[in-house]
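Work through the exercises below with the model open. Each task is followed by a solution in steps.

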Amino acid sequence: MTKALLLGVCALAVGTYAFRFAGPVLRSRVKVSARTVKLLEIASVVLLTALAVTTLIPSGDSQVGIALPAGVLVAAVLAWRKAPLLAVILAAAVTTAGLRLLGLH
């Protein structure tokens, strides 16, 4: 099992490096239309929004209290106000942790 795990990790590492290397190499060779660039920008926002929304949906028998939605709301407001990403993440984490510390799960 250890060999298979190491082989999988190496394959993923090589694949990741290949994708990252292909970007700069192919940038001058592949022309992307302005419409495609705009659609990709929109798609990334939709993907991140979907990720945030699925975080709010309880899985199994767990219940979502007020802490998690409050943290996401703080993050959304800060992101909307164009705060730095680190500030958005830290504020959301502090809000969620603080409310849970106060017993508001």
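**Exercise 1: a loop residue**

At 73% relative accessibility, Lys82 counts as exposed. The model is a predicted one. Task: find where Lys82 is located and state what is unusual about its phi.

Solution. Step 1: Lys82 lies in the loop between α3 and α4. Step 2: the cut-off for exposed is over 50% relative accessible area, and Lys82 has 73%. Step 3: most residues other than glycine have a negative phi. Step 4: Lys82 is not a glycine, yet its phi is positive, at about 65°.

**Exercise 2: two packed helices**

Task: describe how helix α3 and helix α4 pack, using the angle and the distance between their axes.

Solution. Step 1: two packed helices are described by the angle between their axes and the distance between those axes. Step 2: α3 covers residues 67-80 and α4 covers residues 85-101; their angle is about 155° and their axes are 8 Å apart. Step 3: angles over 145 degrees count as roughly antiparallel, so α3 is roughly antiparallel to α4. Step 4: the crossing of α3 past α4 is right-handed.

Task: which residues of α3 and α4 meet, and how do they divide into nonpolar, polar and charged?

Solution. Step 1: on the α3 side the residues are Ala67, Leu68, Ala70, Gly71, Val74, Ala75, Leu78 and Ala79. Step 2: on the α4 side they are Ala87, Val88, Ala91, Ala92, Thr95, Thr96, Leu99 and Arg100. Step 3: the residues of this contact of α3 with α4 comprise 12 nonpolar, 3 polar and 1 charged.

**Exercise 3: the cover of helix α1**

Task: compare the reach of α1 with its expected value, and say how many of its residues are buried.

Solution. Step 1: helix α1 (residues 2-27) has 26 residues. Step 2: from its first C-alpha to its last, α1 reaches 38 Å, close to the 38 Å expected at 1.5 Å a residue. Step 3: the count of buried residues in α1 is 0, and the helix is hardly covered.

**Exercise 4: separation in sequence and in space**

Task: for Leu73, Ala52 and Ala87, give the helix, the exposure and a C-alpha distance to another residue.

Solution. Step 1: Leu73 belongs to helix α3 and is exposed, at 54%. Leu73 and Thr95 are 22 residues apart in sequence and 9.6 Å apart in space. Step 2: Ala52 sits in helix α2 (residues 34-56) and is partly exposed, at 31%. From Ala52 to Val88 there are 36 residues in sequence and 13 Å in space. Step 3: Ala87 is in helix α4 and is partly exposed, at 34%. Ala87 and Ala50 are 37 residues apart in sequence and 21 Å apart in space.

Terms used. Residues are numbered from 1 along each chain as its sequence is written. This is a predicted model: local features need pLDDT of at least 70, side-chain atom pairs count only at pLDDT 80 or more; totals for chains, interfaces and linings use all residues. Side-chain values use heavy atoms; hydrogens and water are left out. Axes are lines fitted to C-alpha atoms, for helices over the stretch in contact, and angles run from 0 to 180 degrees between N-to-C directions. Helices (H or I, at least four residues) and strands (E, at least two) are DSSP runs, numbered from the N terminus. Angles under 35 degrees count as roughly parallel, over 145 as roughly antiparallel, 65 to 115 as roughly perpendicular and the rest as oblique. A crossing is left-handed if the near helix is turned anticlockwise from the far one by less than a right angle, and right-handed if clockwise. Contact means heavy atoms within 4.5 Å. Ala, Val, Leu, Ile, Met, Phe, Trp, Tyr, Cys and Pro count as nonpolar, Asp, Glu, Lys and Arg as charged, and the others, Gly among them, as polar. The expected span of a helix is 1.5 Å times one less than its number of residues. Buried means under 20% relative accessible area, exposed over 50%, partly exposed in between (1.4 Å probe, protein chains only).
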